[in-house]
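Got the viewer open? Let's take a walk through this one, stop by stop, with something to select at each.

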Amino acid sequence: MHLKALTLRGFKSFASATTLRFEPGITCVVGPNGSGKSNVVDALSWVMGEQGAKSLRGGKMEDVIFAGTTGRPPLGRAEVSLTIDNSDGALPIEYAEVTITRIMFRNGGSEYQINGDTCRLLDIQELLSDSGIGREMHVIVGQGRLDSVLHADPLGRRAFIEEAAGVLKHRKRKEKALRKLDAMQANLARVQDLTDELR
Ligand code: ATP
């Protein structure tokens with residue numbers, strides 16, 4: 001499995017559609033200060049489901065949408081697509097190539113797609129969670145984050161390892177199941193109260 005291509009449209013400084021193709025092995029992105037190198041890394045985090053504006057170096061989520069320059073008006077939407085080579089079947093989906101897409105509108109609406117089909121954020125998170133790449137972004141070590149990874153406390157380090165090992169998905173499912181169980185217990189108690197009242 002490797003990342004094949006990343007397409008940005010209206011994302012941060014990338015107003016026009018821009019596609020970066022990656023070959024297996026090491027890719028280097030070089031360019032002058034402020035030319036958008038970190039924006040490319042932000043786009044990778046964003047398309048994989050990053051929900052924190054701060055992690056994307058912005059104040060609010062809409063800050064990822066192209067805000068305009070002196071010669072170009074702001075845009076109403078940002079879109080990023082990431083194509084992953086899945087010929088080794090590392091992702092649990094029956095496609096040799098998987099494209100995940102995230103779109104955000106200035107009015108706050110957003111959409112996620114897997115190979116062009118609309119899906120939920122959860123579907124993307126689950127698809128990626130066993131692959132070692134995902135929302136927690138331990139694989140994306142941005143400027144200044146290397147220190148925090150190296151100096152993570154034991155719990156933080158455990159979270160990195162758990163995500164890499166694919167445990168996170170099951171932990172989330174367990175938490176969801178426990179929440180449902182709690183709600184069910186509350187319903188049961190309510191039914192019991194009603195039954196007692198009717199006696
Ligand atoms: P450095 O080498 O200094 O770290 P860089 O190549 O990583 O720079 P980025 O931080 O990726 O550069 O890009 C910064 C540029 O992106 C700035 O010029 C900023 O104005 C622009 N930018 C960020 N968000 C938006 C946006 N929403 N709309 C338009 N331009 C944006």
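Before the ligand stop, one cut-off: a residue is near a molecule if one of its heavy atoms lies within 4 Å of it. Keep in mind, too, that you're looking at a predicted model.

**Stop 1: the ligand**

Select the ligand and bring up the residues around it. There are 16 of them, and Gly34, Lys37, Ser38, Asn39 and Ala67 come nearest. Color that shell by residue type and it divides into four nonpolar, eight polar and four charged.

Now go through some polar contacts. Start with the side chain of Ser38, where an N or O atom is 2.7 Å from an oxygen atom of the ligand. Move to Ser35: here a polar backbone atom is 3.2 Å from a ligand oxygen. Then pick Ala67, which has a polar backbone atom 2.8 Å from a nitrogen atom of the ligand. As for cover, the ligand on its own has 650 Å² of accessible area, and the protein covers 69% of that.

**Stop 2: zoom out**

Switch to cartoon and show the whole protein chain. How many helices and strands does the secondary structure come to? You should count five helices and six strands. Follow the elements from the N terminus and they run β-β-α-β-β-β-β-α-α-α-α.

Turn the C-alpha trace along its principal axes: the spans are about 75 × 40 × 40 Å. Put a surface on, and about 12,200 Å² of the protein chain is exposed, with carbon and sulfur atoms supplying 55% of it. Of the chain's 199 residues, 34% count as buried. If you like contact maps, take the contacts with a separation of 6 or more: residues 24 or more positions apart account for 54% of them.

**Stop 3: α1**

Select 37–47, which is α1. This helix is mostly covered, with eight of its 11 residues buried. The buried ones are Asn39, Val40, Asp42, Ala43, Leu44, Ser45, Trp46 and Val47. Show what they pack against and you'll light up β1, β2, β3, β4 and α2. Just past the helix, click on Gly49: its phi is positive, near 110°.

**Stop 4: the nonpolar core**

Stay in the interior. The largest nonpolar core has 34 residues, and the members that touch the most others are Leu6, Trp46, Met48 and Ile100. Elements that each supply at least two residues of this core are β1 (2–9), α1, β3 (77–85), β4 (97–105), β5 (110–114) and α2 (121–129). Of these, α1 gives the most, with five residues.

Center on Ile100 and show its surroundings. What does Ile100 touch, not counting residues up to four places away in sequence? The list is Val47, Met48, Val80, Ser81, Leu82, Gln113, Ile114, Ile124, Leu127 and Leu128.

**Stop 5: the loop between β3 and β4**

Go to Asn86, in the loop between β3 and β4. Is Asn86 buried or exposed? Asn86 counts as buried because its relative accessibility is 2%, and the cut-off for buried is under 20%. Draw a distance from a polar atom of the Asn86 side chain to the backbone nitrogen of Ala90 and you'll get 3.0 Å. Apart from neighbours within four places in sequence, Asn86 is in contact with Leu91, Ile93, Tyr95, Ala96, Glu97 and Val98.

**Stop 6: two positive phi values**

Two loop residues are worth a click for their backbone angles. Lys12 is in the loop between β1 and β2. Its phi is near 50°, a positive value in a residue other than glycine. Lys12 is buried because its relative accessible area is 12%.

Then pick Asn115, in the loop between β5 and β6 (117–119). Asn115 isn't a glycine either, yet has a positive phi of about 45°. With a relative accessible area of 28%, Asn115 is partly exposed.

**Last stop: Thr70**

Finish in the loop between α1 and β3, where you'll find Thr70. This one is exposed, with a relative accessible area of 91%. To close, draw a line from the C-alpha atom of Thr70 to that of Glu175: the two residues are 105 apart along the chain, and the separation comes to 48 Å.

Note on methods:
Residues are numbered from 1 along each chain as its sequence is written. This is a predicted model: local features need pLDDT of at least 70, side-chain atom pairs count only at pLDDT 80 or more; totals for chains, interfaces and linings use all residues. Side-chain values use heavy atoms; hydrogens and water are left out. A nonpolar core is a set of buried Ala, Val, Leu, Ile, Met, Phe, Trp, Tyr and Cys residues joined through side-chain atoms within 4.5 Å. Buried means under 20% relative accessible area, exposed over 50%, partly exposed in between (1.4 Å probe, protein chains only). Helices (H or I, at least four residues) and strands (E, at least two) are DSSP runs, numbered from the N terminus. Contact means heavy atoms within 4.5 Å. A polar contact is a pair of N or O atoms within 3.5 Å; within protein, one must be able to donate a hydrogen and the other to accept it, and residues adjacent in sequence count only if both atoms are side-chain atoms. Accessible areas come from the Shrake-Rupley method with a 1.4 Å probe; for residues, only the protein chains shown count as cover. Ala, Val, Leu, Ile, Met, Phe, Trp, Tyr, Cys and Pro count as nonpolar, Asp, Glu, Lys and Arg as charged, and the others, Gly among them, as polar.
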